[in-house]
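Could you walk me through this model, from the helices to the space left inside? Here it is.

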Amino acid sequence: MKRRIAREIAIQSLYQIQMNEATPQEAVQVAIHEAEHDNESQLDFSGDKIDPVYIIELVEGTYKNKVSIDELLEEYLKGWAMDRLSRIDREILRLGAYEMLYRDDVPPKVVVNEAIDLAKHYGTEESGKFVNGVLGKMIKEIDELKEKVLRTL
């Protein structure tokens, strides 16, 4: 399964958690079921079977670290507060920050590009630029931010 599809399902799961107060496991199950049966998001599986393991890692990691991620993001949201962002932009930023700061399996530039694409697809006209601005600022200080995160673990 392509990581892009996993990220899309992860975003849908994070959104479900926010809207329905579901657990990460429940939200991932629902999102996978909807992707496999309804596929309203028109995900292109290209014959691949959905592997929930990577999706669950993304969702649980983002959810578990939400408070510290939000605190870091607040520093980069010039003139904005997390609770004023659209729900989808907020979840895309959280997932992108989680991948950049807590995982080493994807280069930060790839994470930012994927987040921008997700924002363009699921957000408003301005979402891609907004996500690029916030995560782009973070990427410039990625080493310092990773050290900060390590100190809090």
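What follows is a short tour that goes from confidence to helices, core and cavity.

This is a predicted model, so to speak of a local feature we ask for pLDDT of at least 70, and side-chain atom pairs count only at pLDDT 80 or more, while totals for chains, interfaces and linings use all residues. Residues are numbered from 1 along each chain as its sequence is written, and side-chain values use heavy atoms, with hydrogens and water left out.

Let's begin with confidence. The protein averages a pLDDT (the predictor's confidence in each residue, from 0 to 100) of 90, and 92% of the residues score at least 70. The high point is α5, with a mean of 96, and the low point is α8, at 87. Helices here are DSSP runs (H or I, at least four residues), numbered from the N terminus.

Now for α1. This helix has 18 residues and reaches 25 Å from its first C-alpha to its last, close to the 26 Å expected at 1.5 Å a residue; the expected span is 1.5 Å times one less than the number of residues. Its buried residues (under 20% relative accessible area, with a 1.4 Å probe and protein chains only; exposed is over 50%, and partly exposed lies in between) are I5, A6, R7, E8, I9, A10, I11, Q12, S13, L14, Q16 and I17. The cover over them includes α2, α3, α5 and α6.

Take L14 as a sample of this helix. L14 is buried, with a relative accessible area of 4%. Not counting residues up to four places away in sequence, L14 touches V59, T62, E91 and L95, where contact means heavy atoms within 4.5 Å. V30 is 16 residues from L14 along the chain, and their C-alpha atoms are separated by 11 Å.

Just after α1 comes a backbone oddity: E21 takes a positive phi of about 55°, although E21 is not a glycine. Most residues other than glycine have a negative phi. E21 is found in the loop between α1 (3-20) and α2 (24-37), and because its relative accessibility is 73%, E21 counts as exposed.

What about the inside? The largest nonpolar core (buried Ala, Val, Leu, Ile, Met, Phe, Trp, Tyr and Cys residues joined through side-chain atoms within 4.5 Å) has 49 residues, and I55, L101 and M138 touch the most other members. The elements that give two or more residues to this core are α1, α2, α3 (52-64), α4 (66-76), α5 (87-102), α6 (108-122), α7 (127-140) and α8 (142-152). The biggest contribution is from α5, with 9 residues. In soluble globular proteins, nonpolar side chains tend to be buried together.

α6 is another helix worth a look. Its 15 residues should span 21 Å at 1.5 Å a residue, and the end C-alpha atoms are 21 Å apart, which agrees. V111, V112, E114, A115, I116, L118 and A119 are its buried residues, and what covers them includes α1, α5 and α7.

Last stop: the empty space. The structure holds 1 cavity of 30 Å³ or more. A cavity is a set of points on a 1 Å grid over the protein atoms alone where a 1.4 Å probe fits but cannot get out, and lining residues have an atom within 4 Å of a point. Grid points are joined across faces, edges and corners, and the volume is the space filled by probe spheres set on the points. About 30 Å³ of space lies in the largest cavity, which is lined by R7, I92, L95, G96, E99, V111, A115 and L118. α5 and α6 each supply at least two of these lining residues, and the largest share, 4 residues, comes from α5.

Notes
1 Å grid on protein atoms, 1.4 Å probe; cavity = no way out; pocket = protein on both sides within 12 Å on 5 of 7 lines; lining within 4 Å.
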